[in-house]
Amino acid sequence: MVRSVVRTGVTYFHHGRTNLNGRWRFRGAEVGSRLRVSGRPRVVVHGTMRLGDRVQIYSTLARSEFVADSQATLEIGSRTLVNFGTSIVATGGVSIGAHCHIGPHCMIMDNPFHELDPDHRLDVPSPRPIVIEDNVWLG
């Protein structure tokens, strides 16, 4: 009985700490309830960033990054899990649905940031929107 009470207290402390960490790290974004962030992700909000309820982000073994460039929208649906080392960069629009699982070291970018033609290598192409619907697993 005492062991379960102590374990419950430790669990509540951990969830509270990860919730506060999430609110601090994503302080420029619109954040739903019970966001949990473990580690220190890189967060850049120049546009619009929205995170749904109960989103979990792990950035412990490798640093994850979330970038919403100016005039861009990055949306992550409720109950989505993002694992360590993941990069999500929006220069136009990236939308990730609810109940998605994104595995370690995934890169989601709506812009390749350079052309393949050597004569136009320094030209930045226009972004194409990315829409990942509900219940998708990326590995």
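Two strands count as paired if DSSP finds at least two bridges between them. I begin with that rule because the first part of this talk concerns pairing between strands. Please keep in mind throughout that the structure before you is a predicted model.

Let us take one bridge as the starting point. Which residue in S13 is the bridge partner of Val-94? The partner is Ile-130. Further along, Ile-96 stands opposite Ile-132, again in S13. These contacts belong to the pairing of S10, residues 93–96, with S13, residues 130–132. The two strands run parallel, and 3 bridges join them.

S10 also pairs with strand S7, which covers residues 73–76. Here 4 bridges make the connection, and the direction is once more parallel. Within this pairing, Glu-75 stands opposite Ser-95 of S10.

We may now place these strands in the whole sheet. In what order do the 5 strands of the sheet come? The order is S1-S4-S7-S10-S13, the sheet is open, and the pairing is parallel. Its edge strands are S1, residues 30–31, and S13, each of which pairs on one side only. As a general reminder, strands of a sheet pair through backbone hydrogen bonds, in either a parallel or an antiparallel manner.

I turn next to the loops, and to two arginines in particular. Arg-34 is found in the loop between S1 and strand S2, the latter spanning residues 36–39. Its phi is near 60 degrees, a positive value in a residue other than glycine. Arg-79 lies in the loop between S7 and strand S8, residues 81–82. The phi of Arg-79 is likewise positive, near 55 degrees. Why draw attention to such values? Because most residues other than glycine have a negative phi.

Are these arginines buried or exposed? Arg-34 has a relative accessibility of 48%, so it counts as partly exposed. Arg-79, with a relative accessible area of 45%, is also partly exposed.

Finally, I would like to consider charge on the surface. Which residues gather in a patch of negative charge there? They are Glu-115, Asp-117, Asp-119 and Asp-123. One of them, Asp-117, lies in the loop between strand S12, residues 107–109, and S13. That loop therefore leads us back to an edge strand of the sheet, as S13 pairs on one side only. Asp-117 has a relative accessible area of 36% and is partly exposed. Membership of a patch calls for over 30% relative accessible area, so Asp-117 meets that cut-off.

How values were computed. Residues are numbered from 1 along each chain as its sequence is written. This is a predicted model: local features need pLDDT of at least 70, side-chain atom pairs count only at pLDDT 80 or more; totals for chains, interfaces and linings use all residues. Side-chain values use heavy atoms; hydrogens and water are left out. Patches are made of residues with over 30% relative accessible area and no salt bridge: like charges are joined within 9 Å, nonpolar side chains (Val, Leu, Ile, Met, Phe, Trp, Tyr) within 5 Å. Accessible areas come from the Shrake-Rupley method with a 1.4 Å probe; for residues, only the protein chains shown count as cover. A salt bridge is a side-chain nitrogen of Lys or Arg within 4 Å of a carboxyl oxygen of Asp or Glu. Lys and Arg count as positive and Asp and Glu as negative; His and the chain ends are not counted. The place of a charge is taken as NZ of Lys, CZ of Arg, CG of Asp or CD of Glu. Buried means under 20% relative accessible area, exposed over 50%, partly exposed in between (1.4 Å probe, protein chains only).
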